[in-house]
Amino acid sequence: MREQIEAILWAQFRTIRNYLPRTSLGAILLALISLVWYGLFCLGAVGLAKGMQYVSMYHLRLYFPAGMLGLLLFWQIFPILTMSSGWSLELNKLLVYPIHSNTLFVVELMLRLTTSPESVILLVGAIWGLLAHPGMHGWWPLLLLLYIPFNLLLSLAVRESMMSLFRKKRLREVLMLLIVSISVVPSLLANTSLGERLRPYYLYAANGPGTPWHEFASLALGRPGWLSVAAAMFWLVLAWWLSRRQFAASLLLDFGQAGGDSSPARGTARSTKPGFVELLANFVSGFLPDPYAALVEKEVSSLLRTPRFRVLFGMACFFSVVIFFPMAFGRHGASFLASNYVAFVNTYGMLICGEVLIWNVFGFDRRAAQLYYVAPAGFKQVLLAKNAVAAFFVGIQTLVVVSASLIMPRRGDVAAIAGGIAISGVVFLFFLAAGNYASVSFPRPVQPNQTFRRQAGGKTQLILFASYILMAVPIGLAFLARWATGKDWVFFAVLTFDLLAAACFYYVSLEPVMAMGIRDRERIIDALSKGADPIGLGS
Amino acid sequence: MDDLHLEPAPGGSAVSLSAEQHAKAYSSSTPAIDIHDLRKEYNGVFAVDGLTISVPAGCFFGFLGPNGAGKTTTIRMLVGLAQPASGTISVLGLPMPEKAYEVRKQIGLVPDDSMLFDHLTGAEYLQFVARMYGLTRAVAKERAAELLALFELDGEARKLIGEYSKGMRKRVAMGAALIHRPKLFLMDEPFEGVDAVGARLMKDILLEQARRGNTVFLTSHVLEVVERLCDRVAIINRGKVVVEGTLEELRAQSQDGSGSLEEIFVRVVGAKPIPANLEWL
């Protein structure tokens, strides 16, 4: 077993080593972002360790289980909310080798550390704090280390269950709605009186005897009873059993069809009548001449048939509306956010869908990329058609957001909505210009069937960051003009100018991007042809 | 079996065992692959529908069929990547998928293109595969270097598999299939995209393996290659075996007792004539 684990990890190390030098700027940027992010958590852990020494044992006994419950929720739910699966084994590539399922299980369990290293950092801080606490005696806090395997096992069980549910057609969309509903809970708790009302219940649940967070906390706080030891062991065994069961089920998957293959199997009876997707694609392309019509039709059809896009687009339309609602209209609701609700929500929605629609437009249908260079339609038409499709979907998203904003309790007036739409237009055009550049400069292959996301590349994030700054200036000027003059028409005048400027920026950026796309076709096709490795690098 | 003898390619391996030895090797053993009434369903449609074949040990077996006939699905079930809906599979005398671990240890697989690790170099990939089969690091490194040299992939040591051409990918996959000296080779279109010299080398190696008593289960759309290499052939269509036997047996089924494998294939699978309304074509 050890040799095979070593070999898998060695291959992954070589993969990373081979891969990183080719994206040095992106790698440095990602490393810096990671350093800042995890550095903040390290500081938090140090703060926790130092701060805990001043808390009385009475308060520790009262609140420490609540902290453990919070940590468990963060550890288990945060990766789902962010749709990041972390690193995981590419089982379809490894199962052809004689590897015991125990070996794969151990590697997969270790890889669960990548989903929420923040939790481990905080837990280590808590252990340190308890060890240094004047009221604590002995090494009991070290038993809290058992909370790590417990959470890893639970995390593996949760991940495998989620992946299994996501493979089921229809259920995937229902699950997404559930995730959206869960994700709004923290915002609701923070921005409404619900948080205060639920606090006693949370503390009650946290101190519930027999619960894993309470029993592990009891172990760590010293002098646990036999029941606590037995309960902690029970939870560990249960988590192990659940994760083994779920992992064994995933080993039995048919990898030919795994991943929610949206393409029908050979001979699957399909209706000859055009479905919703075909009708919509025909409708959109009906306004355009060929080859644009054909390209748009193909693009709309293929996007709507891929689970990943459906999930992303669903999130852009609904998740963004729900997530900003408590922040804008809750107890501590920000009036600026409320009056610019459409702009904020729409921009957030564009960020969600952007990976597919805007800044990696060739990554999704990478197998077709070669055709774009040999077909007489040409690269320019392809890029314009893809931009038109992005505009179409962002248009639908805007329609949903505007409709939602009209039923909000403190809905904005027509001017506020019109302002939101205009700002969205400016943002979209800047995004589109930056996205076209990113798409030809740093194309990355994307698995259409993979519902869990992978993060945009480091260089793409750098371009995105630059485009935020670029678009913040004209939009900020519009707000500044309204603030200085107190007149709405000035705001709209500047916004109109911004729209024209953004359109010009987009237009001017097209030529060099197209030239680069044609000149670097070999590099683009090469980049889009890349496949996967023994371990999938999630976000 | 004399007609199977090939002259060794320049620089390639010489064929050392006689045809008689080869025939004796595979007629005296239990089947390397024994599939009975195998079914596999996707979305209510049977990709494999009551497949029954028996591949003798030491046989060079051609598994043919039109696109979507169920060849790759069958190979996936043979290695345990797909679960059969019903039926039984025995590989090297062991039931699948129950004894998947033991079976996989003895299989050399040239899979479809997607199974390679694109961000590893050829040497790294071969070493990784060797270690998966339990070879020590030193042996893995040594054999990887030898196989890279054999398949003429040692020239660009830093090149990643993702940057390989299709033929190079097939060659490195072939190296990975050989590195642990398996008893059974499952080859899914191994010659696809490989140049004539590389293909000749691969054919020689596979023939040599068959003559040593190892079994080769080959799918290919290049019927001339199958005709030249295989002892037995099964043609499947819509998940079912439509014809199986030696080439002589297949020819005997034709009206005049002759005909190429292509003619037999087209006849049993059914060729579609070009419709009259496509006169613009």
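Which residue follows helix 4 of chain B, and what is the sign of its phi? In the predicted model described here, helix 4 of chain B is succeeded by B:Gly134, which has a positive phi, near 90 degrees. The helix itself, spanning residues 122–132, is mostly covered, with 11 of its 11 residues buried. The buried positions include the nonpolar residues B:Tyr125, B:Leu126, B:Phe128 and B:Val129, together with B:Glu124, B:Gln127 and B:Arg131.

Chain B as a whole contains 10 helices and 10 strands. Of its 281 residues, 48% count as buried. Among the contacts in chain B with a separation of 6 or more, 68% are made by residues 24 or more positions apart.

Two residues of helix 4 reappear in the description of the nonpolar cores. The largest core comprises 101 residues, and B:Tyr125, B:Leu126, B:Leu186 and B:Phe217 have the most contacts inside it. For B:Leu186, when neighbours within four places in sequence are set aside, the contacts are with B:Ile75, B:Leu78, B:Val79, B:Ile107, B:Leu109 and B:Phe217. Another core, of 72 residues, lies apart from the largest one; A:Met176, A:Ile352, A:Leu432 and A:Ala502 are among its members. In soluble globular proteins, nonpolar side chains tend to be buried together.

Chain B also holds an open sheet of four strands, arranged in the order 2-1-4-5 with antiparallel pairing. Its edges are formed by strand 2 (45–56) and strand 5 (94–96), each of which pairs on one side only. From one strand to the next, the twist averages 25 degrees. Strand 1 (residues 31–42) and strand 2 of chain B are joined in the antiparallel sense over nine bridges. Within chain B, B:Ile33 is placed opposite B:Val55 of strand 2.

Several loops of chain B show backbone features that merit separate mention. Most residues other than glycine have a negative phi, and most peptide bonds are trans. The peptide bond from B:Met96 to B:Pro97, however, is cis, with omega near 5 degrees. B:Pro97 belongs to the loop that connects strand 5 with helix 3 (100–105) of chain B. B:Glu189 is not a glycine, yet its phi is positive, at about 50 degrees. This residue is located in the loop between strand 7 (184–188) and helix 7 (196–211) of chain B. B:Glu189 counts as partly exposed because it has 19 C-beta neighbours inside 10 Å, whereas 20 or more would make a residue buried. A positive phi, near 50 degrees, is likewise found for B:Arg238, a residue other than glycine. B:Arg238 occupies the loop between strand 9 (232–237) and strand 10 (240–246) of chain B. With 18 C-beta neighbours inside 10 Å, B:Arg238 is therefore classed as partly exposed.

In chain A, helix 11 (residues 226–251) takes part in a crossing with helix 7 (residues 147–166), their axes coming within 8 Å at an angle of roughly 30 degrees. The crossing of helix 7 of chain A with helix 11 of chain A is left-handed. Residues of helix 7 at this contact include A:Phe150, A:Leu153, A:Leu154, A:Ala157 and A:Glu160, and those of helix 11 include A:Trp235, A:Leu236, A:Trp240, A:Ser243 and A:Phe247. By class, the contact between these helices of chain A has 14 nonpolar, five polar and one charged residues.

Helix 11 of chain A is also crossed by helix 5 (residues 101–111) of chain A, with axes that come within 11 Å and an angle of roughly 115 degrees. Here the crossing is right-handed. A:Ser101, A:Phe105 and A:Glu108 of helix 5 meet A:Arg244, A:Phe247, A:Ala248 and A:Leu251 of helix 11. The residues at this contact are four nonpolar, one polar and two charged.

Elsewhere in chain A, A:Ala527 is part of helix 22 (residues 521–528). A:Ala527 counts as buried because 20 C-beta neighbours lie inside 10 Å. Beyond its neighbours within four places in sequence, A:Ala527 is in contact with A:Pro443 and A:Arg444. A:Pro443 and A:Ala527 are 84 residues apart in sequence, while their C-alpha atoms are 6.3 Å apart in space.

Technical notes: Residues are numbered from 1 along each chain as its sequence is written. Chains are lettered from A and ligands numbered from 1 in the order in which they are written. This is a predicted model: local features need pLDDT of at least 70, side-chain atom pairs count only at pLDDT 80 or more; totals for chains, interfaces and linings use all residues. Two strands pair if DSSP finds at least two bridges between them. Helices (H or I, at least four residues) and strands (E, at least two) are DSSP runs, numbered from the N terminus. Axes are lines fitted to C-alpha atoms, for helices over the stretch in contact, and angles run from 0 to 180 degrees between N-to-C directions. A nonpolar core is a set of buried Ala, Val, Leu, Ile, Met, Phe, Trp, Tyr and Cys residues joined through C-beta atoms within 7 Å. A residue is buried if 20 or more other C-beta atoms lie within 10 Å of its own, exposed if 12 or fewer, and partly exposed in between; C-beta atoms are placed from the backbone. Two residues are in contact if their C-beta atoms, placed from the backbone, lie within 7 Å. A crossing is left-handed if the near helix is turned anticlockwise from the far one by less than a right angle, and right-handed if clockwise.
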